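Please open the structure in your viewer and keep the selection tool at hand. The tour goes from stop to stop, and each stop says what to select and what is there.

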Amino acid sequence: MTATVQTDIDALMAGGLEDWLAGQGAMRAEAREKATSRWVWSAAILMPVLAFIWFSPAAKTSLAPLLTMAGIGGAAWWGYLPIAAAKQAIKIGINSAIAAAYGLAYEHEVEPGPEFAAARTFGLVPGFDRSSFEDRWHGTLEGHAFELYECHLEERRGSGKHQRWVTVFRGPLIRMAFGRPFRSTTLLERAGKHRKWLGLGGASDHVAMGGKRLERVDQVHPAFGETFALFSDDQVEARVLVHPAYVEHLLRLESAFGARELRALFAGGEVIVALEADDLFESGGMDAEKDREKAERAARQFGALAGLALAINQNERGRVLRADPQPAGRL
């Protein structure tokens, strides 16, 4: 099936998703029942245990509040598990239907591949101490091998008892076979990231990454130098791959998603894009009345991202596959 940059929600629901969602009522009810039962049993067990702790010598130490918090937190988590499982099942069903409308496959679980390693090597994503991945969409999009999944990268900060996990990147990573052959390695990123003299000087005229020296490429687009920086080991080919015609389109997409940064790597005949944004594709829920709204929202999000991939992946210089980013602005 040929992909389009938007999926009609009416066609999506009429294509079988509406009937499938209507059949999930029993699963939702069972999940709520299990959760309520677990919380009731937890309260029945915790109340006398915590009463004993607070009326014991432990009440005068820090042990009592710690045990109380651990007990309540554990009970809340145990009770919520059936609801979380139901939400995930609904999400998988909705996102799978959206993927099928584009001729793609969807998987909730993700094992990152060489595209993530390349993203790390060339600075598309920052350093991290903990990572998680979900929502993989893959297959062929308008004749090009395509893969997209979400990354959540965290860094441990602080020391001793004050350590905490801080998100350093969240957003989709896109890999797509490029629409024209090329041999160079070209990096597109936000301007100002690389500077001379330990970050105190002007913009750097080159970067060294992945065993390659990439020279800065000057661009003629008036807004390009203020917004993006381009580095490559082939100046001529870089201008063909990243020509000014779609720079404004990238800026609109970035704005529509409320994204903080967009970075792209052209290497090995593929383009890899990292878009720092919010958590996307969360289409699962326990309220059946909101199923359509959540499905439409996820479809808009994926449609805009597919449009971004297609816009970057032009088949010839000056030709951009248009995608309207506006729907994504209502995320």
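How many aromatic pairs does the structure hold? In this predicted model, there are nine aromatic pairs, and the tour begins with two of them.

**Stop one: aromatic rings**

Select Phe116 and Phe133, whose ring centres lie 5.0 Å apart and whose planes stand at 80°, so the pair is edge-to-face. These two rings link distant parts of the chain, since Phe116 belongs to helix H4 and Phe133 to strand S2, 17 residues apart. Phe116 is buried, with a relative accessible area of 7%, and Phe133 is buried as well, with a relative accessible area of 16%.

Keep Phe133 selected and add Tyr149, because Phe133 and Tyr149 form an aromatic pair that is edge-to-face, with 6.0 Å from centre to centre and 80° between the planes. Here too the pair links distant parts of the chain, with Phe133 in strand S2 and Tyr149 in strand S3, 16 residues apart. Is Tyr149 buried or exposed? Its relative accessibility is 1%, and buried means under 20%, so Tyr149 counts as buried.

Next, select Tyr102, Tyr106, Trp137, Phe146 and Phe302 together, which form one aromatic cluster. Then turn to Trp165 and Arg130, where Arg130 lies over the face of the Trp165 ring, at 4.0 Å from the ring centre.

**Stop two: the sheet**

Now show the strands as a cartoon. Ten strands form an open sheet in the order S1-S2-S3-S4-S10-S9-S5-S8-S7-S6, and the pairing is antiparallel. Strand S1 (104–109) and strand S6 (206–209) stand at the edges with a single partner strand each, so one side of each is left without a neighbour in the sheet. From one strand to the next, the twist averages 20°.

Select S3 and S4, which run antiparallel and are joined by twelve bridges; within this part of the view, Leu153 stands opposite Phe169 in S4. With the strands still shown, add helix H3 (residues 63–101), which packs on the sheet and touches S1 and S2, while its direction makes about 160° with that of S1. Then add helix H4, which lies across S2, S3, S4, S6, strand S9 (261–267) and strand S10 (270–276), and which runs at about 55° to S3.

**Stop three: strand S10 and its partners**

Select S10 by itself and then bring back its surroundings. Why can S10 be called largely enclosed by the rest of the structure? Six of the seven residues of S10 are buried, and therefore the strand is largely enclosed.

On one partner, S4, five bridges join that strand to S10, and the two run antiparallel; to find a place along them, look for Met176, which stands opposite Val271 in S10. S9 also pairs with S10 in the antiparallel sense, over seven bridges, and the bridge partner of Arg263 in S10 is Ala274. Follow the chain through the hairpin of S9 and S10, which has two residues between the strands, and you will find Gly268 with a positive phi near 60°.

**Stop four: a network of charges**

Side chains of opposite charge can pair when their charged atoms come close. The count for this structure comes to 14 salt bridges, and the last stop follows some of them.

Select Glu115 and Arg175, whose side chains meet in a salt bridge with 3.7 Å from N to O. This pair links distant parts of the chain, with Glu115 in helix H4 (residues 114–121) and Arg175 in strand S4 (residues 164–177), 60 residues apart. Glu115 counts as buried at 5% relative accessibility, and Arg175 is buried with a relative accessible area of 17%.

Now add Glu147, because its side chain meets that of Arg175 in a salt bridge of 3.1 Å, N to O. Arg175 is in strand S4 and Glu147 in strand S3, 28 residues apart. Glu147 is buried, with a relative accessible area of 6%.

Add Arg136 as well, which forms a salt bridge with Glu147, the closest N and O atoms being 2.6 Å apart. Arg136 lies in strand S2 (residues 130–141) and Glu147 in strand S3 (residues 144–157), so this pair ties together parts that are eleven residues apart in sequence.

To finish, select Glu107, Glu115, Arg136, Glu147, Arg175 and Glu270 at once, and you will have in view the residues that are linked in a network of salt bridges.

Terms used: Residues are numbered from 1 along each chain as its sequence is written. This is a predicted model: local features need pLDDT of at least 70, side-chain atom pairs count only at pLDDT 80 or more; totals for chains, interfaces and linings use all residues. Side-chain values use heavy atoms; hydrogens and water are left out. A salt bridge is a side-chain nitrogen of Lys or Arg within 4 Å of a carboxyl oxygen of Asp or Glu. Helices (H or I, at least four residues) and strands (E, at least two) are DSSP runs, numbered from the N terminus. Buried means under 20% relative accessible area, exposed over 50%, partly exposed in between (1.4 Å probe, protein chains only). Two strands pair if DSSP finds at least two bridges between them. Axes are lines fitted to C-alpha atoms, for helices over the stretch in contact, and angles run from 0 to 180 degrees between N-to-C directions. Contact means heavy atoms within 4.5 Å. Rings of Phe, Tyr and Trp (its six-membered ring) pair if their centres lie within 6.5 Å; planes under 30 degrees apart count as stacked, over 60 as edge-to-face and the rest as tilted. A charge sits over a ring if NZ of Lys or CZ of Arg is within 6 Å of the ring centre and within 35 degrees of the ring normal.
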